[in-house]
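Thanks for coming. I will keep this short, so please have the viewer open in front of you.

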Amino acid sequence: MLYVEPLYVQASGGQSFPVLREFLVYSDGNAAYQPTLSAALNEVFGVTGGSTQPPPTSGTGSNTGPPPTNPQVSADLQQAIADAQRDEDAAEAALRRGDFAAYGRYQKALKSDLARISQVAGKSG
């Protein structure tokens, strides 16, 4: 099971939309709280390398599980995480533009990406 919760804050001033600040991600006893979806997913699943920053060894997140041992699963997981981050970024950009149809499409793609992450992560255990 994979749980992802974005943390939004209400913007002050002229901006009427909430602002995304952090992501809380939880899976199989591992939790992370990071400023980007990919960083939180990487920390929870013990993935290092790729196009995102490696998870910190100490900090706001917690990763008690071992990293994936199968290199192909790790590569697949890295790609799934990158896809999720891409779709999340695109959804946020669409929301800022006020393009709710595009926002909905990217949120649907993100849901699919997260399901793929959960499936791939299940292969590493």
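I will go through a hairpin, then a surface patch, then two residues. Keep in mind that this is a predicted model.

Start with the hairpin. Strand 2, residues 19–27, and strand 3 run antiparallel, and five bridges join them. One pairing to find on your screen is V25, whose bridge partner in strand 3 is A32. Two residues sit between the strands of this hairpin, and D28 takes a positive phi there, near 50°.

Now follow strand 3 itself, residues 30–34, where the side chains alternate. N30, A32 and Q34 point to one face and are buried. A31 and Y33 point to the other face and are not buried.

Y33 comes up again on the surface. Together with Y3, L7, L24 and Y26, Y33 makes a nonpolar surface patch of about 430 Å². Which elements give two or more residues to the nonpolar patch? They are strand 1, residues 2–9, and strand 2.

Last, two residues to compare. L7 is found in strand 1. Its relative accessible area is 35%, so L7 counts as partly exposed, a class that lies between 20% and 50%. S27 lies in strand 2. Is S27 buried or exposed? S27 is buried, because its relative accessible area is 6% and the cut-off for buried is under 20%. What is S27 in contact with, leaving aside its neighbours within four places in sequence? The contacts are M1, L2, V44 and F45.

That is the end of my part.

Terms used. Residues are numbered from 1 along each chain as its sequence is written. This is a predicted model: local features need pLDDT of at least 70, side-chain atom pairs count only at pLDDT 80 or more; totals for chains, interfaces and linings use all residues. Side-chain values use heavy atoms; hydrogens and water are left out. Buried means under 20% relative accessible area, exposed over 50%, partly exposed in between (1.4 Å probe, protein chains only). Helices (H or I, at least four residues) and strands (E, at least two) are DSSP runs, numbered from the N terminus. Two strands pair if DSSP finds at least two bridges between them. Patches are made of residues with over 30% relative accessible area and no salt bridge: like charges are joined within 9 Å, nonpolar side chains (Val, Leu, Ile, Met, Phe, Trp, Tyr) within 5 Å. Accessible areas come from the Shrake-Rupley method with a 1.4 Å probe; for residues, only the protein chains shown count as cover. A salt bridge is a side-chain nitrogen of Lys or Arg within 4 Å of a carboxyl oxygen of Asp or Glu. Contact means heavy atoms within 4.5 Å.
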